[in-house]
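Here is a short tour of the structure, meant to be read with the model open beside you. We will go from strand pairs to a sheet, and then to the helices packed around it.

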Amino acid sequence: MVTLNTTGNFDDLTVITTHINADFDAVASMLAAQKLYPDAIAVFPGSQEKNLRNFFIKSMAYLFNMADIKDIDFSAIKRLVLVDTKQPGRIGKFASLLNRKGMEIHIYDHHPAMENDIKGDLEINQLTGAAVTILTEIIQEKGVVISSDEATVLCLGIYEDTGSFMFLSTTERDLTAAAFLLSKGANLNTISNLIDRELNPEQVALLNEMIQSENRYNVDGIEIIVTTVTTDNYLPEFALLVHKMIKIENLDAIFAIARMENKIYIVARSRIQEVDVGAILTPLGGGGHPYAAAATIKGKTLAQAQDQLIQAIYDKIKSRRQAKDLMSAPAITVRPDVSCQDANELLTRYNINALLVTEKDVSKDLLLGFISRQVIEKAIYHKLDQVPVSEYMTSELASVASNANLLEVQEKIIENKQRILPVIDNGIVKGVVTRTDLLNILVRQSQQTVMDSNDQLKEPMHPRTRSIRNFMQERLSVSIFQILKSIGEVAGEMGCNAYVIGGFVRDLFLYRANEDIDIVIEGDGIAFAKKYASMFDARIHTHEKFGTAVIIFADGFKIDIASARLEYYKFPAALPTVEMSSIKLDLFRRDFTINTLAVQLNPGKFGVLIDFFAAQKDIKEKVIRVLHNLSFVEDPTRVFRAIRFEQRFGFSIGKLTSGLIKNAVKMDFFKRLSGRRLFAELRQILEEENPIAIIIRLHDYDLLKVIHPSITLNNELIALFNAVKKVLSWYDLLFLEEFYMKWVTYFLALIRYCEKESSNEVCKRLELPTRYMELFCKRRFAADNALLLLERDSRVSDSMLYRRLSDFRTELVLYMMAATKKERVKKSISHYVTKLRYINTSINGNDLKIMGLEPGPIYGEILEAVLDAKLNGVLKSRDDELNFVREYVL
């Protein structure tokens, strides 16, 4: 390799350079290009690459034929090789060579093409995650020999520009190129030390300042973070801090502006397709690719740079929003002969303010007009409730195609004063954009307003989306990940969309294990389940009324499948009526915002997180919120779930939601709640890790009376619940692998202080099956009596202890152990659980028959006597038992 040359005496010089503020990908690309142009000189175009230059010159200088730009005779340059850029504004002084006659220009770049790109004699421009990937492929193809150190530098460039293969811009070619470099000896320890380096105190302070000074902008429903900082000295690791911030804050897109020395630097990162940071920074003199870009601005103040950036953000993002991104689908329609009264019920059922009026025309629905809630309510007021909607509908209405931009949508709604704008392709209604949809975008309401305003929640917001594929792969087992992929693939083949939703997705972000997979299909969920089961040799159970199915794999693993549906309630506490719907309306029927996350599974969109209701924000802030103000009216059982989730996750119930719970109690919406539904919620509460905390919260909201007025919380009940928890923990640590129901023991504790009549009333209110009625209303009192005898007798033999406890199931024995306040009795019950209950006689009836004893009731008497003696430690062996029998019958 040619040694470092700084004399400046070169003839017919070939110079390899890159963009100002070079990163590792740029430097790696320069080294790779030097392998292809062995006589060339590598030159940084600016003065701010000293961090990278110092690293490479001090540790790997021998790899480069490198010179400082001030030592280069520009008149001697005959060929300019550009790597990782093709923008004239990003190559510093080398831009003066572009128009020189006879100048040969070679370009190797991976950024998208732009209007002012440099034109080269040789252009290799391909969309990869890193520019050095392209050059590595050429090196591999030509068979150019590289050392392990050179392979390390090249591989470092790939790792950095792909975010260790986690950026959305990563391609298969990047992984293949990295694999080739590893085969050539690339050192991953060196790469890891440089990529994941620790922050020093100065950097930590600056990162904290960046987080504190962030501003949030909602542009067409997309949240953009802009942060500004000032530092007296140039900080070469500014991009690293931006990368750290986007991970810490879990952001979709960020623009960080820093005034360092006398220049303004902007570093941008994006994790979503809607925000192309490269395109946004290009008008500011910067560049990059859609997911990472940078710019340097001279001669402007920090405020001016920020204003220019924000204008560029709005200019570039707003044109990317189309009607298909804004619309609600499917459109809710009504036939022209439907009465105003029936149409009003539809508006209430779907919680909307306007209906499209359509008529069947051969293979499609013909759009006739629309009718608003205001018109229908006036018609009903004038006693015209049975008149068809066709009499009062608006028949002159504008529409847009699905690819219409935001400006066209805005003009159509405002100019035509339409409450609802149909989206139509080829005569088929694809969906609608409502006036509320448009206002939500134009006004750019904050997320907090969304969650606290019932009016806004009447029509769900457009979702925040981002890819969490890598996060899923990191958190999920290989088998679960593959099952989700296969579900998406089958759904894609059937032409429908598949989503994993609810608690499974929520618990991903809470880092809690959860393999209860709920899948929603936009289409026929049962048909999907049947096809999937046939392909993967699984069984299914279906529920036609609700459009649901359960897929059961050969190993017993289950997945719940449901058609996207809308539920409405004919009266408070009723079971829901179900209709087919879209994922948007399906999520809107959920109980709380934290359970409204969905992840699309179809190929091409696998791993895309969908968040309509700011669920990520509520998870981050640890708040339980309902989606609308009538949530507890429609389904009062949600009250119990709210408290259960609050305590399970360590969250708090939002102020509005708390007020709605109190209203539900005040209005007594629980009186029409069936006992079975109430019992199902209570059972789940008692199956939680710490049910006493939930019971206390039920008491706080005066909800224990919903179970029965005789159940009241006091210190004695709290102490009993804590004792039960302690006993169950002790029992679990025995690792006996014996099935028992924890909730039963807690329920026994809950009704311990209820009289017999009250206990019967509790069981009847909860509509308990006969076996539980027997357990809670008869066996419990028998257990209480047995416990009373144990507490009264100061000395109880092991055989007597066995006789008093052996008739009770495990849950009752554990209940007795928790209920007693005498340590002596606790130890006795512990002795029974761990030892006595496993003792049996070695002999049986056959042995007695061989001894010549006539069969009859005497057999039972003898064997009981043998067992008593063995329990009391008198008999140790089989021979002891036989001798005991001989003496017993004499």
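Let's begin with one pair of residues: I254 stands opposite R269 of strand β9. Keep in mind that this is a predicted model. The two strands concerned, β8 (residues 253-260) and β9 (residues 263-270), run antiparallel and are joined by eight bridges.

Both strands belong to an open sheet of six strands, in the order β6-β7-β8-β9-β11-β10 and with mixed pairing. Which strands stand at the edges of this sheet? They are β6 (215-219) and β10 (287-289); each has a single partner strand, so one side of each is left without a neighbour in the sheet. On average, neighbouring strands here are turned by 15° against each other, direction ignored. As a reminder, strands of a sheet pair through backbone hydrogen bonds, either parallel or antiparallel.

Now for the helices. Helix α8 (residues 238-248) lies across β7 (222-231), β8 and β9, and it runs at about 145° to β8. Helix α8 also meets helix α7 (residues 201-212): their axes come within 10 Å and cross at roughly 55°. An angle from 35 to 65 degrees counts as oblique, and α7 and α8 are therefore oblique to each other. Their crossing is right-handed.

Which residues make up this helix contact? From α7 come Q203, L206, L207, M210 and I211, and they meet F238, L241, V242, K244, M245 and I248 of α8. Sorted by class, the contact has nine nonpolar residues, one polar and one charged.

Another place worth a look is strand β4 (residues 104-109). Is β4 largely enclosed or left open by the rest of the structure? Five of its six residues are buried, so β4 is largely enclosed. Strand β4 pairs with β3 (residues 77-83) in the parallel sense over five bridges, and L80 stands opposite I105 of β4. Strand β4 also runs parallel to β5 (residues 122-125), joined by four bridges. Within that pairing, I107 has E123 of β5 as its bridge partner.

The table gathers the strand pairs described above.

| Strand pair | Direction | Bridges |
|---|---|---|
| β8 (residues 253-260) and β9 (residues 263-270) | antiparallel | eight bridges |
| β3 (residues 77-83) and β4 | parallel | five bridges |
| β4 and β5 (residues 122-125) | parallel | four bridges |

Technical notes
Residues are numbered from 1 along each chain as its sequence is written. This is a predicted model: local features need pLDDT of at least 70, side-chain atom pairs count only at pLDDT 80 or more; totals for chains, interfaces and linings use all residues. Side-chain values use heavy atoms; hydrogens and water are left out. Two strands pair if DSSP finds at least two bridges between them. Axes are lines fitted to C-alpha atoms, for helices over the stretch in contact, and angles run from 0 to 180 degrees between N-to-C directions. Contact means heavy atoms within 4.5 Å. Angles under 35 degrees count as roughly parallel, over 145 as roughly antiparallel, 65 to 115 as roughly perpendicular and the rest as oblique. A crossing is left-handed if the near helix is turned anticlockwise from the far one by less than a right angle, and right-handed if clockwise. Ala, Val, Leu, Ile, Met, Phe, Trp, Tyr, Cys and Pro count as nonpolar, Asp, Glu, Lys and Arg as charged, and the others, Gly among them, as polar. Buried means under 20% relative accessible area, exposed over 50%, partly exposed in between (1.4 Å probe, protein chains only).
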